[in-house]
Amino acid sequence: MRTQVGIIGAGPAGLLLAQLLHLRGIESVVLETRTREEIEATIRAGVLEQGTVDLLEESGVGERMRREGLVHEGVILRFGGRSHRIDLAELTGGRSIMVYAQHEVIRDLVKARLDQGGPLLFGVKDVSLLDLDTSLPTLRFHDTEGAVHELGCDYIAGCDGFHGVSRPAIPSRVRKEYARVYPFGWFGILVEAPPATEELIYAYHERGFALVSTRSPQIQRLYLQCNPDDETGHWPDTRIWEELHTRLAGGDGWRLTEGRIFQKSVIAMRSFVVEPMQYGRLFLAGDAAHIVPPTGAKGLNLAVADVRVLAQSLAAFYHSGHSNLLERYSETALRRVWRAEHFSWWMTSMLHRFHDESPFHHRLQLSQLQYVTGSRAAATMLAENYVGLPFDEARG
Ligand code: RFL
Ligand code: PHB
């Protein structure tokens, strides 16, 4: 078997890359370890930046998103018992975010790929990367029947997430890793209830962070800061509601609407970057190369930004023989990655309680929140990062 670009992983990065390459007449094969049902049912991100929305639309996979997604022009920071609105659209010249679940983006991309005739192979096993520093890098894998295949490629895109096989295929002497693990996690729930708020609420409280997000007019997505080693069994429904009501309480009469909780999960929080994001003919994209804590809603959006640069660089190579963009892929992608890393770390640090923090630290956090919600300059800084810097400004 032979292809132009071998893509490992059918997450947002791998599937969108395949779509962008297809639109530019470049062949690819996507290999995925899980089944279609599994990838289409995994609950993760919910917030799409303006640039992500625009790119999905331009790529012909935005039709359902435009119909079902919810455009939000503002976001709320809640502390001291009051809500403070950041007017995203007004502060960024009309940019906004779209709330549309990651698994819906996945469903749209899988459908587009299969309608085009693939190839998208589910349920593969034991993927290994061979000969990366030669002109014929190869992917070896087992199909669902156990037969071994070798796929010769011009290039390989490692889009297999944080726990995949691509990043470790870069020799450790070449790889530099930057990491930070946070001393807390998020407890996430899905609830059958109408929305209690028109815009997302990021709440800071002395008992910890809470986030009120949404999925649809019938389903709400809520998170609260928890211990990193917490388990869903530690959190009966009554404890969850008590904690959410306490952290979101205020003197303004606003109250969260309760409903049937039908999904619970604990999410670890870490920041991570590998440099460089390329080695020989392997290019990493998305969570395979970097992780952000979810507070800034950047992970999926960064995966999209990476593959946008990668698809442009591959197109420049195939259409005009220039490999200079490919050679600079890592450098270009990393500029946007580090901006998002900083923003996600900053939002996380401002909004969570740290177990070892002093009253001094708590006062600093409150002062920062007052500044961000009180100063137009500071609010603009949050707003332009949250809706996503235009691709060209971050040069990626
Ligand atoms: P993914 O989505 O992990 O996909 C990788 C795919 O590769 C497959 N795979 C392999 N395939 C073949 N061979 C192997 N050896 C393989 N190993 C793995 C996996 O099965 C999988 O299908 O990575 P990708 O494409 O880079 O996408 C990244 C995003 O999924 C991630 O950054 C976001 O979900 C992060 N995130 C958020 N991002 C946002 O932009 N906005 C948000 O609002 C947001 N909220 C979130 C989030 C992540 C969360 N969790 C659960 C970590 C909220 C949460 C709770
Ligand atoms: C979500 O809706 O899942 C979500 C929203 C905002 C975040 C993270 C997750 O910052």
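A residue counts as buried when its relative accessible area is under 20%, as exposed when that area is over 50%, and as partly exposed in between. The exercises below apply this and related criteria to a predicted model.

**Exercise 1. Cysteines**

Determine how many disulfides the model contains, and classify Cys 153 and Cys 226 as buried or exposed.

*Solution.*
Step 1. A disulfide requires two cysteine sulfur atoms within 2.5 Å.
Step 2. Applying this cut-off gives 0 disulfides. For Cys 153, the nearest cysteine sulfur belongs to Cys 159 and is 12 Å away, so by the 2.5 Å criterion Cys 153 takes part in no disulfide.
Step 3. The relative accessibility of Cys 153 is 0%, and this residue therefore counts as buried.
Step 4. Cys 226 has a relative accessible area of 6% and is likewise buried.

**Exercise 2. The surroundings of strand 15**

Describe which strands pair with strand 15, and in which direction they run.

*Solution.*
Step 1. Strands of a sheet pair through backbone hydrogen bonds, either parallel or antiparallel.
Step 2. Strand 15 covers residues 219–226. Strand 12 (residues 176–192) is joined to strand 15 by 8 bridges, and the two run antiparallel. Within strand 15, Gln 225 stands opposite Trp 186.
Step 3. Strand 14 (residues 210–214) also runs antiparallel to strand 15, with 5 bridges between them. Here Ala 210 has Leu 224 of strand 15 as its bridge partner. The link from strand 14 to strand 15 is a hairpin with 4 residues between the strands.
Step 4. Of the 8 residues of strand 15, 7 are buried, so the strand is largely enclosed by the rest of the structure.

**Exercise 3. The second largest pocket**

State the volume of the second largest pocket and identify which elements contribute to its lining.

*Solution.*
Step 1. The second largest pocket holds about 280 Å³ of space. Its lining has 16 residues, and those closest to the centre are Arg 207, Gln 225, Cys 226, Asn 227 and Arg 247.
Step 2. Strand 12, strand 15 and helix 7 (237–248) each give two or more residues to this lining. Helix 7 supplies the largest share, 3 residues.
Step 3. By residue type, the lining comprises 5 nonpolar, 4 polar and 7 charged residues.
Step 4. Arg 239 also lies in helix 7. With a relative accessible area of 35%, Arg 239 is partly exposed. Between the C-alpha atoms of Arg 239 and His 163 the distance is 32 Å, while the two residues are 76 apart in sequence.

**Exercise 4. Internal cavities**

Establish how many cavities of 30 Å³ or more are present, and set out the linings of the largest and the second largest.

*Solution.*
Step 1. There are 3 cavities of 30 Å³ or more. The largest encloses about 90 Å³, and the second largest about 40 Å³.
Step 2. Residues lining the largest cavity include Glu 49, Lys 298, Arg 336, Arg 339 and Phe 343. Helix 8 (299–320) and helix 10 (329–351) each supply at least two lining residues, and helix 10 gives the most, with 4.
Step 3. Among the residues around the second largest cavity are Val 191, Pro 194, Val 212, Leu 222 and Thr 257.
Step 4. The two linings are set out by residue type below.

| Cavity | Nonpolar | Polar | Charged |
|---|---|---|---|
| Largest | 4 | 3 | 4 |
| Second largest | 8 | 2 | none |

**Exercise 5. Helix 8**

Check the length of helix 8 against its expected span, and decide whether this helix is enclosed or open to its surroundings.

*Solution.*
Step 1. Helix 8 has 22 residues, which at 1.5 Å a residue should span 32 Å.
Step 2. The end C-alpha atoms of helix 8 are 32 Å apart, in agreement with the expected value.
Step 3. Because 16 of the 22 residues are buried, helix 8 is largely enclosed by the rest of the structure.
Step 4. The residue that follows helix 8 is Gly 321, which has a positive phi near 75°.

**Exercise 6. A three-stranded sheet**

Identify which strands form the edges of the sheet with the order 3-7-4.

*Solution.*
Step 1. This is an open sheet of 3 strands with antiparallel pairing.
Step 2. Strand 3 (47–48) and strand 4 (70–72) each have a single partner strand, so they stand at the edges, and one side of each is left without a neighbour in the sheet.
Step 3. Strand 4 is joined to strand 7 (residues 97–99) by 3 bridges. In this pairing, Val 71 has Met 98 of strand 7 as its bridge partner.

Definitions and conventions:
Residues numbered from 1 in each chain as written. Chains lettered and ligands numbered in written order. Predicted model: local features only at pLDDT ≥ 70, side-chain atom pairs only at ≥ 80, totals over all residues. Heavy atoms only, no water. Buried < 20%, exposed > 50% of the residue type's maximum accessible area, 1.4 Å probe, protein only. Pairing = 2+ DSSP bridges. 1 Å grid on protein atoms, 1.4 Å probe; cavity = no way out; pocket = protein on both sides within 12 Å on 5 of 7 lines; lining within 4 Å. Points joined across faces, edges and corners; volume = space filled by probe spheres on them. Nonpolar A, V, L, I, M, F, W, Y, C, P; charged D, E, K, R; others polar. Expected span 1.5 Å × (residues − 1).
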